[in-house]
Amino acid sequence: MSTTSPSIDPTKMGLGRSIAVLTSGGDAQGMNAAVRATVRVGLYTGAKVFFVHEGYQGLVDGGDHIKLATWESVSMMLQLGGTVIGSARCKDFRSREGRMTAACNLVKLGITNLCVIGGDGSLTGANAFRTEWSDLLKDLVKAGKITATEAKKSSHLNIVGMVGSIDNDFCGTDMTIGTDSALHRIIEVVDAITTTAQSHQRTFILEVMGRHCGYLALVTALACGADWVFIPEMPPDEDWENHLCRRLTDQRARGCRLNVIIVAEGAISRDGKPITSDQIKTLVTDRLGFDTRTTILGHVQRGGTPSAFDRILGSRMGVEAVMALLEATPDTPACVVSLSGNQAVRLPLMECVQVTKDVTAAMAERRFEEAIKLRGKSFENNWNTYKLLAHINPPDVKSNINVAIMNVGAPCAGMNAAVRAAVRMGLIQGHNMLAVYDGFHGLAHGQIEPICWTGVSGWTGKGGSELGTKRTLPGKLLEEISQNIAKFSIHALVIIGGFEAYVGGLELVQARERYEEMCIPMVVIPATVSNNVPGSDFSIGADTALNTITSTCDRIKQSAAGTKRRVFIVETMGGYCGYLATMAGLAAGADAAYIYEEKFNIKDLEMNVIHLLEKMKTTVKRGLILRNENCNANYTTDFIFNLYSEEGKGTFDCRKNILGHMQQGGTPTPFDRNFGTKMGAKSVLWLTDKLKECYRHGRIFANTPNSACVLGMRKRALFLQPLADLKADTDFEHRIPKTQWWLKIRPIMKILAKYNIKLDTSELADIEHVIKTRGQQ
């Protein structure tokens with residue numbers, strides 16, 4: 001919690017203050033979202049905000065490189081990749097003379113708050129600048145470049161950093177700005193390569209960025225089910241050449257038509273020598289005679305439009321950065337702001353830099369296990385999951401346990417990734433895995449078949465549901481379901497789906513009193529575009545749907561910007577859950593997002609129309625309104641369209657779009673592939689432990705509440721919660737949880753759309769310590 005008193009008016013926090021924002025080092029998609037949020041929230045607090053063009057070089061050069069920013073000057077930035085205000089490597093700033101000039105430029109403009117978006121080098125430079133600020137000012141006064149009064153007014157420099165780096169190489173933060181977008185670019189290429197590689201039975205070696213950090217390579221390998229991954233943190237064992245050739249040969253023998261090898265550009269062997277793509281290609285071609293191709297992605301990874309996640313990350317971090325600057329005192333250490341899970345966090349800058357340096361030192365000294373741990377729990381979990389799913393053959397000894405897997409409800413992207421991970425993890429544990437087709441309907445009608453390792457090959461990148469899914473609930477089919485559980489000797493059940501999966505799981509638990517066959521461990525994995533399953537902050541599939549909506553809104557905004565004076569009303573899915581409408585509103589820069597959870601009336605609609613009429617007087621002559629499909633029974637999309645059309649007559653005209661089922665389709669995003677993979681693997685590991693607990697007198701018997709759980713992500717970790725315990729937090733009529741974390745960030749969307757509302761600063765973060773953050777899941 002923040003130390004800011006709730007009585008402080010956030011719209012007056014910045015009065016008389018000036019903030020400068022700069023981007024430095026390598027560019028990353030999402031930097032513009034962070035710049036936009038910093039400018040708009042700075043202006044919202046009453047502060048003056050300045051752009052510094054061309055990074056630190058702009059600070060040194062001054063003049064036109066430091067310009068006053070306006071609300072409209074950051075319009076249409078959200079969807080652009082790179083950094084609009086420019087970034088440059090700067091030798092001048094490394095010299096004391098250069099920093100003196102930069103300090104002089106800031107003092108003359110009254111700027112004492114600096115927001116730096118860049119990598120660890122850029123942020124370390126900012127901290128050094130802050131540390132010597134007082135001395136620089138003394139020298140400037142001595143030299144007669146500034147007056148003693150000016151020096152007194154600018155006696156202290158506040159620094160806040162946001163990490164912009166596609167490599168995700170900054171310790172203490174879950175994700176840096178640009179990482180998710182870079183993964184999008186990589187996965188687009190992997191999907192394209194996969195189709196051509198399968199046609200010709202080829203081996204593809206894909207080199208991705210990451211000179212000192214293997215995050216991109218590792219997550220890519222997880223997300224595409226690669227046969228091998230080379231990362232700098234964990235070089236392969238001494239005999240890796242033979243092991244790799246054996247692995248590729250085994251895969252071909254199992255009927256796989258392609259092999260994919262992912263290489264981080266900084267990959268090394270145990271003795272510290274580089275492992276290159278060409279070296280691997282020569283090995284595979286000479287030893288195995290496989291047709292092998294190499295693709296080096298290079299700067300493609302930095303390009304393109306930012307993903308929805310990076311826009312939201314940048315926007316939320318921008319808000320947090322401004323608040324951190326305005327709350328800072330001379331004793332507050334320079335901090336970086338980031339997200340951990342779904343929480344905004346502030347971390348001491350130099351602690352993070354130190355841990356990042358510790359990783360480099362651990363790799364140089366060949367303490368590789370420690371390097372992986374220092375990267376954080378998330379990196380370590382990714383590595384362990386990858387190793388389990390890609391490198392271990394199923395054991396010879398079987399457990400005689402049958403685990404059934406099913407999809408329930410509407411299909412969504414990422415379901416197949418979860419099924420693949422669960423199947424393979426089960427086989428690794430020695431279980432027999434059974435595929436149930438068409439949900440509870442298939443379970444009742446015996447549509448159950450064994451599924452093997454190769455049966456799920458290539459499933460991570462497939463959208464929809466390969467097992468088939470139906471909305472049928474088990475309540476009226478309990479007799480048939482119990483008979484089939486007995487007939488197929490099902491000992492445990494993995495249910496992957498949306499609200500129906502949750503309710504269906506509850507119905508099976510309630511049926512345990514009448515049907516002993518239901519007394520088996522079961523786990524529900526939330527998978528729905530609506531993100532409305534109790535027990536989890538995120539559902540598989542929601543990220544893919546969010547990106548689909550965001551990219552569609554980008555095109556719509558482009559059309560509106562071209563025709564001028566046009567407002568688009570876009571209807572999103574989600575049932576009664578406003579997650580998609582809210583998050584897409586933040587990611588696409590919407591003017592309003594109507595949802596069921598936040599009641600609205602005709603006065604609110606009128607206020608939104610007036611807001612748009614005012615907006616049309618500025619240079620930004622367009623509007624975007626999102627409406628959740630069930631936000632209000634009477635204020636329908638047609639009603640809102642007609643209202644806006646009538647009230648806007650003569651000033652703007654309206655168009656409407658109902659996005660429909662395109663939100664459920666498409667190939668899964670890297671997040672959904674990775675999330676689905678980790679959830680699927682974790683669910684079967686939990687079931688395996690639970691089966692051991694429930695094994696009594698030669699049979700499985702599970703009837704305690706904690707033997708039927710929802711596996712969900714809560715804040716920073718994966719948690720299992722009994723289905724029965726979640727009933728109290730469920731609005732069954734409207735199919736949503738009673739408490740939803742994302743409602744707290746709705747004010748940010750409104751502030752960025754220039755609504756004069758109050759931001760609750762009591763929810764903002766205190767500074768944490770990096771040691772704590774290593775416990776993240």
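1. A salt bridge is a side-chain nitrogen of Lys or Arg within 4 Å of a carboxyl oxygen of Asp or Glu. In this predicted model, lysine 273 makes such a bridge with aspartate 271, and their closest N and O atoms are 3.9 Å apart. Lysine 273 is exposed, at a relative accessible area of 53%. Aspartate 271, at 41%, is partly exposed.

2. The structure has 32 salt bridges. One of them is between the side chains of aspartate 638 and lysine 656, at 2.2 Å from N to O. This pair links distant parts of the chain, 18 residues apart: aspartate 638 belongs to helix α22 (residues 637-647) and lysine 656 to strand β21. Aspartate 638 is partly exposed, with 40% relative accessibility. Lysine 656 is also classed as partly exposed, with a relative accessible area of 38%.

3. A further salt bridge joins glutamate 693 to lysine 690, with 3.2 Å between the closest N and O atoms. Both residues are in helix α23 (residues 670-693), three residues apart, which is about one turn of the helix. An α-helix has 3.6 residues a turn, so residues three or four places apart point the same way. Lysine 690 has 7% relative accessibility; the cut-off for buried is under 20%, so lysine 690 counts as buried. Elsewhere, Arg202, Asp291 and Arg293 are joined into one network by salt bridges that share partners.

4. Arginine 40 should be looked at separately. This residue is located in helix α1 (residues 31-44). Arginine 40 is buried but has no salt bridge. The nearest side chain of opposite charge belongs to aspartate 591, 7.3 Å away. A salt bridge needs the nitrogen within 4 Å of the carboxyl oxygen. Beyond neighbours within four places in sequence, the contacts of arginine 40 are Trp71, Val74, Ser75 and Leu752.

5. The largest nonpolar core has 154 residues. The members that touch the most others are Met162, Ile231, Ile262, Ile405, Val494, Ile496 and Tyr579. Helix α11 (residues 308-327) contributes the most to this core, namely eleven residues. A second, separate core has 39 residues, among them Leu22, Cys104, Ala151 and Leu347. What is tyrosine 579 in contact with, leaving aside its neighbours within four places in sequence? The contacts of tyrosine 579 are Ser530, Asn531, Phe538, Ala542, Trp741 and Trp742.

6. Four strands make an open sheet in the order β7-β8-β6-β9, and their pairing is parallel. At the edges are β7 (228-230) and β9 (292-296), each of which pairs on one side only. From one strand to the next, the twist averages 15°. Strand β6 (residues 203-208) runs parallel to β9 and is joined to β9 by five bridges. Within this pairing, isoleucine 205 has threonine 294 in β9 as its bridge partner.

7. Helix α8 (residues 215-224) packs on that sheet and touches β6, β7 and β8 (259-264). The directions of α8 and β8 make an angle of about 165°. Ten of the ten residues of α8 are buried, so the helix is largely enclosed by the rest of the structure. Those buried residues include Tyr215, Thr220 and Cys224. Glycine 225, just after α8, has a positive phi of about 65°.

8. Another open sheet has seven strands, ordered β3-β2-β1-β4-β5-β10-β11, with mixed pairing. Its edge strands are β3 (66-68) and β11 (343-348), each paired on one side only. Here the twist averages 25° from one strand to the next. Six bridges pair strand β10 (residues 335-340) with β11 in the antiparallel sense, and valine 336 is opposite leucine 347 in β11. Helix α12 (residues 349-364) packs on this sheet, touching β10 and β11, and its direction is at about 80° to that of β11.

9. Is strand β18 (residues 566-572) largely enclosed or open? Seven of its seven residues are buried, so β18 is largely enclosed by the rest of the structure. Both faces are covered: Arg566, Phe568, Val570 and Thr572 are buried on one side, and Val567, Ile569 and Glu571 on the other. Strand β20 (residues 622-628) runs parallel to β18, with seven bridges between them; isoleucine 569 has isoleucine 625 in β20 as its bridge partner. Strand β21 (residues 653-658) also pairs with β18 in the parallel sense, over six bridges, and arginine 566 stands opposite aspartate 653 in β21.

Technical notes:
Residues numbered from 1 in each chain as written. Predicted model: local features only at pLDDT ≥ 70, side-chain atom pairs only at ≥ 80, totals over all residues. Heavy atoms only, no water. Core = buried A, V, L, I, M, F, W, Y, C linked by side-chain atoms within 4.5 Å. Buried < 20%, exposed > 50% of the residue type's maximum accessible area, 1.4 Å probe, protein only. Helix = DSSP H or I, 4+ residues; strand = E, 2+ residues; numbered from the N terminus. Contact = heavy atoms within 4.5 Å. Pairing = 2+ DSSP bridges. Axes fitted to C-alpha atoms, helices over the stretch in contact; angles between N-to-C directions. Lys, Arg positive; Asp, Glu negative; His and termini not counted.
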